[in-house]
Amino acid sequence: MKKPEFAESIGMSGSQFRYVRSRAANPSIEMLAKISAKLKTPLYELLEDCQLGHRRNLSAKQMTKNLSMIVKRKYADSGLDKEQFAKVIGVSLPQLYLMLRGDSNPSLLVVVEIARRLGIGMWVLLGVEPMQVEEPVGR
C-alpha cells in the first residue's frame with residue numbers, strides 16, 4: 001500500500017499523514033490507535049520502539065475510558081473545584097468536562113502534559129501500564 005492509500009484507509013489526508021511521519025503533527029489518541037491497528041503494532045511499540053511486554057494493548061476507546069477514570073479519581077482526591085483542577089492539569093474547563101464524561105479525544109501532547117502534571121506516566125494515564133501508589137493532586 002502506498003502512503004496516500006494508507007493515509008486514506010485510516011481517515012487521514014495525505015498532508016496530515018506527512019506531518020505525522022515527519023513528527024510535525026500532534027495526532028489524537030484515536031488517530032494513533034487507528035494507525036497502530038492498521039500497522040498491527042501495539043501503540044506502545046509504535047511510539048516507544050520497544051516491546052509491549054507486560055503492558056496492555058488497548059483500543060482508543062479503552063485508553064480514553066482509563067484517562068477519564070484516572071482524571072475523575074485525581075479530581076475527587078484533589079479537593080479543588082473544577083476550574084482550579086483544570087488549571088492544575090493544564091486543560092480548559094470544557095475539555096475537563098469532556099474528560100470527566102469520557103468523551104475526550106486529546107492529542108498526544110495534551111496526554112503527555114496531563115500525565116506530567118498529575119505525576120504519573122503517560123502509559124499509566126492511558127491504562128497501558130498498571131497504576132502504582134498514588135498521591136493526591138493539589139494538596
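Good morning. I begin with two helices, H6 and H8, which are roughly perpendicular to each other. Please bear in mind that this is a predicted model. The axes of H6 and H8 lie 8 Å apart and cross at about 105 degrees; since angles from 65 to 115 degrees count as roughly perpendicular, the description applies.

Which residues form this contact? From H6 come Phe85, Lys87, Val88 and Ile89, and they meet Ile114, Arg117 and Leu118 of H8. Sorted by class, five residues of the contact are nonpolar and two are charged, while none is polar.

I turn now to the interior. The largest nonpolar core comprises 31 residues, and Met63, Val71, Ile89, Leu96, Leu125 and Leu126 are those touching the most other members. Two or more residues of this core are supplied by each of helices H3 (29-39), H4 (43-48), H5 (60-78), H6 (82-89), H7 (93-101), H8 (108-118) and H9 (122-126). Another core lies apart from this one; it has seven residues, including Phe6, Ala7, Ile10 and Met31.

Let us take leucine 126 as an example from the largest core. Setting aside residues up to four places away in sequence, leucine 126 touches Ile29, Leu58, Gln62, Met63, Asn66, Leu67 and Val111.

My last point concerns serine 107, in the loop between H7 and H8. Is this residue buried or exposed? Its relative accessibility is 14%, so serine 107 counts as buried, the cut-off being under 20%. Beyond its neighbours within four places in sequence, serine 107 is in contact with Asn26, Pro27 and Ser28. Thank you.

Notes
Residues are numbered from 1 along each chain as its sequence is written. This is a predicted model: local features need pLDDT of at least 70, side-chain atom pairs count only at pLDDT 80 or more; totals for chains, interfaces and linings use all residues. Side-chain values use heavy atoms; hydrogens and water are left out. A nonpolar core is a set of buried Ala, Val, Leu, Ile, Met, Phe, Trp, Tyr and Cys residues joined through side-chain atoms within 4.5 Å. Buried means under 20% relative accessible area, exposed over 50%, partly exposed in between (1.4 Å probe, protein chains only). Helices (H or I, at least four residues) and strands (E, at least two) are DSSP runs, numbered from the N terminus. Contact means heavy atoms within 4.5 Å. Axes are lines fitted to C-alpha atoms, for helices over the stretch in contact, and angles run from 0 to 180 degrees between N-to-C directions. Angles under 35 degrees count as roughly parallel, over 145 as roughly antiparallel, 65 to 115 as roughly perpendicular and the rest as oblique. Ala, Val, Leu, Ile, Met, Phe, Trp, Tyr, Cys and Pro count as nonpolar, Asp, Glu, Lys and Arg as charged, and the others, Gly among them, as polar.
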